[in-house]
Amino acid sequence: MNPYVLSILLISLGLGTTLTFMSSHWLLAWMGLEINTLAIIPLMAQKHHPRAVEATTKYFLIQATAAAMILFAASTNAWICGQWDINQMSHPLTSAMTMTALALKIGLAPLHLWLPEVLQGITLTTGLILSTWQKLAPLALIIQTANNTHPFLLTTLALCSTLVGGWGGLNQTQLRKILAYSSIAHLGWMILVSQMAPQMTIIALITYIVMTTAAFLMLNNINSTKIITLASAWTKAPALTALTCLVLLSLGGLPPLTGFMPKWLIIQELANQGLAATATIIALTALLSLYFYLRLTHALTLTLSPQITNATTPWRTPNKQPTLALSLFTIMATCLLPITPTIFTLMT
Amino acid sequence: MAMTTTGFVVSARLLWTCRKPFVRTSASPSWSVILSRSAHQTGYRRPGQPKDNRWFWQRINFDFSKGVNGVRKHLGLLKEEFVQRWEGPEGKPLINHMLEQTRVLWEFRGPDSLNDWVVSSDQEIGGRSAAYLKLGRNNTTCLLYGTLCSVAPRDGETRYSGYCSMRSKQPFGAFDSKKHYDLSDFNILHLRVRGDGRPWMINIGIENYFSHQKDDIYSYFLYTRGGPYWQDVKIPFSKFFLSSRGRIQDDQHYLLQDKINTIGFTLGDKADGPFQLEIDFIGVCNDTSHTEDFAYETYKRNPEV
């Protein structure tokens, strides 16, 4: 893509999210969301492949529907309550409508059906932007409106997401779809705790972004989009393969890796609030996600797939791809657990 | 309005599953000739099929047991789709997905295997070719045979004719949801055929989103040797080119293997006379030494200067 066009699109992406972050008026927040949607559309469709165009169309329709619902809810709230402030959404109908629209925007179950198909049709780099950057603005709005939303809606969205994210990911061999279901499950954890401790949502979001970025960058480095190509990753970059295994287990929430931190803090918060049953259910549904992460780890590091002699020599060719971001995010995705007290103090 | 229409469609579909197969009776009302072109006769009637002259109340054959069996079958398929995930992706253990280098998709080992295929020829447009499908010797192969005739039908608008084809049916899951073949782990189509020396075309249809793409097909040639010996044909998926309604497209891209719907064989070589093609099996395999993404250039039509 032309570098000027690419820079305009990336700057627009940054602008849209920043606009939503700093807004207290619903119209400005909605405008930021729309700028984000429109800026990523050309990035998704740049390959001109039918599957990419299909993913772009589906993404646009879903995001436009969600944005229209947000605008409708905000206008209805302004009509009923007389003000446009994001924090002051006091009517139950409008707050439920807003939460549903934001759930559609980020892909929470049961409004998640678009996410695996859309992620499957785009490149790994664009998928990374979709899974991480595009979640920031809607989650900022969710955190601000969670207090005014009925807890039953949030809990239902959260538990559905963790369950569907786990169960749906079991049937996949395409890595982008697996990461889509992983995204759905992680968002469920974030939403559940947003009503009682929003700072936990932010911790969970930041750790999710770090781990997902590491995972996407690794898959991009070894150019792998299916489980069967993961099995030959050790021939291209043996050390990276071992680290990918650790990042995937971190996504699964295993101690002593970074991914354990949000799960531990969220379960602790739920127990403090007296929601032991909810904590048990969400911990059990996390096991489903762990199953498919372990499956990927098994394919990556614990097996040798049949291949010809030539295929065992790609590691001899030096890899010219830049690895600064990859190494940074990998370290953060695996080694941040010991500084949990620091992070907790900083966020609370 | 939309809900009424949807309800009508669903109830019509339920009634359709309960119907008994059509049996033509000789006694039809004599004054049906006057009303033969009335509004209630809608839908496409395939040439060669007998006309259905019954009244609409005579066509209804309601049967509860067929509906109950249909519901039981679909609920069983739905339960299977949920439970199979515990075993692994698509019901097979992960080790299968990782180590599988070959997979046989269709092999013709009994009369039921022919039900997955649809045979068609230019008789649909009024031509004179004929194509038939039957099991070959010892019920171990399928034989597509017939006669090709490239005389155009005399309807004033058709200029070319003379084609015969067989195409696999799209697989369906629970409640007739479309299922696809995910062949992304493989890169070569492997057939074992015994032809008669004619050039055939293999057509692969994939799942599309836009209605503009409904006639998009990825094709490649199958040159048969003829003779009594079997021919192993291995065609990489990177060789398939895109055509729409038979016209090769300028904007080419590689065949996406993750949602393949149908595969078909077409004969249209303008050589009148009998033909036959015997197929032993159709499978896919993974060749790690074949690293080509796409065999043709995907150049830009208006390149930047």
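Begin by selecting chain A and chain B together: their contact draws 32 residues from chain A and 30 residues from chain B. The model is a predicted one. Between the two chains about 2800 Å² is buried, and carbon and sulfur atoms give 61% of that area.

**The interface between the chains**

Display the charged side chains that face each other across this boundary; two salt bridges are counted between chain A and chain B. One pair to select is Glu117(A) with Lys259(B), whose closest N and O atoms are 2.7 Å apart in a salt bridge. Next, switch on polar contacts: nine residue pairs qualify across the interface of chain A and chain B, with both residues at pLDDT 80 or more.

To see where chain A supplies these surfaces, colour α3 (50-81), α5 (114-121), α8 (151-169), α11 (227-230) and α14 (276-301) of chain A, the elements that each give two or more residues to the side touching chain B. Of these, α3(A) gives the most, with seven residues. Colouring the side of chain A that touches chain B by residue class shows 14 nonpolar, 11 polar and seven charged residues.

**Inside chain A**

Now hide chain B and divide chain A into domain 1 (1-149) and domain 2 (150-305 + 323-348). Note that the selection for domain 2 of chain A needs two segments, 150-305 and 323-348. The C-alpha centres of domain 1 and domain 2 of chain A are separated by 22 Å. Their contact involves 31 residues of domain 1 of chain A and 36 residues of domain 2 of chain A. The area buried between these two domains is about 2800 Å², with 77% of it from carbon and sulfur atoms.

Which residue pairs with Glu117(A) in a salt bridge at 3.7 Å? The partner is Lys177(A), with 3.7 Å between the closest N and O atoms. The interface of domain 1 and domain 2 of chain A holds one salt bridge. Glu117(A) therefore meets the 4 Å salt-bridge limit with Lys177(A) at 3.7 Å and with Lys259(B) at 2.7 Å.

Polar contacts between domain 1 and domain 2 of chain A number four residue pairs, both members at pLDDT 80 or more. For the domain 1 side of this boundary, select α4 (92-106), α5, α6 (124-131) and α7 (133-145) of chain A, which each give two or more residues to it. By class, that side has 18 nonpolar, 11 polar and two charged residues.

**Inside chain B**

Bring chain B back and select domain 1 (54-98) and domain 2 (100-285). The centres of these two domains of chain B, taken over C-alpha atoms, lie 27 Å apart. The residues in contact are 11 from domain 1 of chain B and nine from domain 2 of chain B. About 780 Å² is buried between them, 45% of it on carbon and sulfur atoms.

How many salt bridges cross the interface of domain 1 and domain 2 of chain B? The count there is zero. Polar contacts are found, however, in three residue pairs across this interface, both residues at pLDDT 80 or more.

Finish on the domain 1 side, where α3 (64-87) and α4 (94-99) of chain B are the elements that give two or more residues to the surface touching domain 2 of chain B. The largest share, five residues, comes from α3(B). The residues on this side of domain 1 of chain B divide into five nonpolar, three polar and three charged.

How values were computed
Residues are numbered from 1 along each chain as its sequence is written. Chains are lettered from A and ligands numbered from 1 in the order in which they are written. This is a predicted model: local features need pLDDT of at least 70, side-chain atom pairs count only at pLDDT 80 or more; totals for chains, interfaces and linings use all residues. Side-chain values use heavy atoms; hydrogens and water are left out. Contact means heavy atoms within 4.5 Å. Buried area is the accessible area (1.4 Å probe) that two parts lose on being put together, summed over both. A polar contact is a pair of N or O atoms within 3.5 Å; within protein, one must be able to donate a hydrogen and the other to accept it, and residues adjacent in sequence count only if both atoms are side-chain atoms. Helices (H or I, at least four residues) and strands (E, at least two) are DSSP runs, numbered from the N terminus. Ala, Val, Leu, Ile, Met, Phe, Trp, Tyr, Cys and Pro count as nonpolar, Asp, Glu, Lys and Arg as charged, and the others, Gly among them, as polar. Domain bounds come from an automatic or database domain assignment.
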